[in-house]
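Student: Could you take me through one part of this protein slowly? I'd like to see how the strands sit together, and then what lies around them.

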Amino acid sequence: MTLKRLSDIPGPRTLADQWSMYRRRYQMGHALREISQSHGDIARVPIAGDPKVLVSHPDHVREIMVSNSQYFGISGQDLLRRVVPWSLIAIEGQLHDEHRAMMLLTLRKILTRRILTTTILRANQALSKLRDGDVIDLYQFSREVSLAIAASLLFPAEAGDEIVSGIDHKAFLDLMSQSNAWFLGMPLAFQNICLLADLRHNMKIMATRRHVRRQLTDAIKSARALSRSGPDADVMSLLTDGAEVGGRMRDEFMEDNLLTILLASYDTTANTLAWALWEAAGQSAVQNRISEEGARLSDIPADNLEWSNSAVWTEATLQESLRMYPSIWATSRRTLSDYRLGDFLLSKNTFIYTSQWVTHRDPRWFPNPLEFRPERWEPEASCGTEKPADERPQFSFFPFGGGKRFCIGKAIFDQEASLLLGSFFSRWEATQVEDCHPEPRFGVTLQPDRPMLAQIKRRRPEFES
Ligand code: HEM
């Protein structure tokens, strides 16, 4: 069979299509889904510069992320290099492998030693502030509690709260929106023009970054002085000390990685938790089942070690939140040489999007994909036309990516988010406020475009404060 060329790949490509994509850049997931539905599993994406291709079939996603990942590099790293040049997400090759191994060891220590205590403590603090009958923003609640947890895990107690209080959230959210998948697909010269065009705004973002970085540098100095080790050690202390994690990480690497993890962990966790809370607030059967599981949680952290294994429904709700609202909704790569994908020959430097948003909402893998149905994930489940989870293609669901860049924080997310969701619904019943219809906004991560308002009612009198 003769291979088709890049120019034969179906999909919109005219200037008018490019303009339309620009106008829909914060709705880009919807635009990509339409392209995939109209043009197939390998389709052109109308963004200027090097050719862009959307790859939606799970088998091709696996090929790119795992089995043939050596033929693909990260893309969009020009902008990332400017923001966090030495973090895991911006480096490649041996340096990436070495630092990834060190970070994985570090997070494993945190997972076994600190995650339960920290999450339960911070969850209790956040939940005790809520009052019966309040209307709360579930997104803001999720952001505050996830950020507090991330700070406690990453930094010594003395430094964590101070660093977090110095962050200008709006500036960071703006940075996350601005450098979205559309922006990263544009040529570097264009990215520079955009940054210059909104100079005042961008200077504020850069100033925030400098401010946080200065705090990190100071915190690293004090962490050295405190030299914390053992069960109470935080990520920064473990990396500074180096004894337990295969060596000391140099300051510039550590600062960038800490900043990345602070943002990567709190933003993604907060978004996923917020959508799960929101959807459950719209389905009382869902939250009642989570509540029953949450009622088995103990205030003694160590007693909850095995809890999430039995909290099947809580887990299923989070899985469904990751399916419908994948916080990382698109990942991108570029071909390092000419590469054959399916029937097409992609040339070197082709920019490839794989999109969790598109693939997770494909009815071939998830019937009625626009319905939030945690029962899809129950171990024995086969609801109606639904395939049991283990019969779906592996990469029909890939919220944490795959292969050598698979998310290093998944296990932390799993523990943290299930404890938070269980704790919340064990105490509170939530009802969506009428006329509040949050929609996803496609920045670097998938955030709700407005507050997620819900009214809360106390479930059990014993939780009276
Ligand atoms: C809902 C929660 C989360 C989601 C959906 C998520 C998603 C992802 C995805 C899709 C990737 C791969 C990106 C790519 O292939 O280009 C990734 C990488 C990464 N994640 Fe997460 N993540 C989550 C939570 C976390 C947490 C809690 C941490 C840290 C504690 C974390 C730290 C990282 C880091 C450092 C990388 C880069 C890994 C590398 O390049 O080697 N993430 N994440």
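Tutor: Let's start with the whole model, go to the strands, and then follow the chain to what comes after them.

Keep in mind that this is a predicted model. The protein has 19 helices and 13 strands, and 55% of its 465 residues are buried. Take the contacts between residues at least 6 apart in sequence: 75% of them join residues at least 24 apart. As for the outside, the protein exposes about 20,100 Å², with carbon and sulfur atoms supplying 53% of that.

Now zoom in on strand S3, which covers residues 52–55. Which way do its side chains point? Lys52 and Leu54 point one way, Val53 and Val55 point the other way, and all of them are buried. There's a general pattern to compare this with: in a regular strand, side chains alternate between the two faces of the sheet.

Who are the partners of S3? One is strand S2 (residues 42–44), paired with S3 in the antiparallel sense over three bridges. Within that pairing, Ala43 stands opposite Leu54. Another partner is S9, which runs parallel to S3 and is joined to it by four bridges. Here Val53 of S3 stands opposite Ile352 of S9.

From S9 (351–354), step back along the chain and you come to a loop, with strand S8 (344–346) on its other side. Asn349 sits in that loop. Its phi is near 70 degrees, a positive value in a residue other than glycine. Is Asn349 buried, exposed or in between? Its relative accessibility is 32%, so Asn349 counts as partly exposed.

S8 belongs to a sheet of its own to look at. Three strands form an open sheet in the order S1-S8-S7, and the pairing is mixed. The edge strands are S1 (4–5) and S7 (339–341), each of which pairs on one side only. S7 and S8 pair in the antiparallel sense over three bridges, and Tyr339 has Leu346 of S8 as its bridge partner.

Next, move on to the loop between helix H18 (356–360) and helix H19 (410–427), where you'll find Asn368. Asn368 also isn't a glycine, and its phi is positive, at about 45 degrees. With a relative accessible area of 38%, Asn368 is partly exposed.

Cys407 is in the loop between H18 and H19 too. What does Cys407 do for the ligand's iron atom? Its SG is the single donor from the protein to that iron, 2.4 Å away.

One last stop is Glu279, in helix H14 (residues 251–281). What is missing around this buried residue? Glu279 has no salt bridge. The nearest side chain of opposite charge belongs to Arg361, and it is 7.0 Å away. A salt bridge here needs a side-chain nitrogen within 4 Å of a carboxyl oxygen, so that 7.0 Å gap to Arg361 doesn't qualify. What does Glu279 touch instead? Setting aside neighbours within four places in sequence, Glu279 is in contact with Tyr325, Phe372 and Gln432.

To go over the path again in the viewer, begin at S3 with its partners S2 and S9. Then take the loop with Asn349 back to S8, and look across to S7. Finish with Cys407 at the iron and Glu279 in H14.

Key:
Residues numbered from 1 in each chain as written. Predicted model: local features only at pLDDT ≥ 70, side-chain atom pairs only at ≥ 80, totals over all residues. Heavy atoms only, no water. Helix = DSSP H or I, 4+ residues; strand = E, 2+ residues; numbered from the N terminus. Buried < 20%, exposed > 50% of the residue type's maximum accessible area, 1.4 Å probe, protein only. Contact = heavy atoms within 4.5 Å. Areas by Shrake-Rupley, 256 points an atom, 1.4 Å probe, with all protein chains shown as cover. Donors = N, O, S within 2.8 Å, 3.2 Å for Na, K, Ca; no water. Lys, Arg positive; Asp, Glu negative; His and termini not counted. Pairing = 2+ DSSP bridges.
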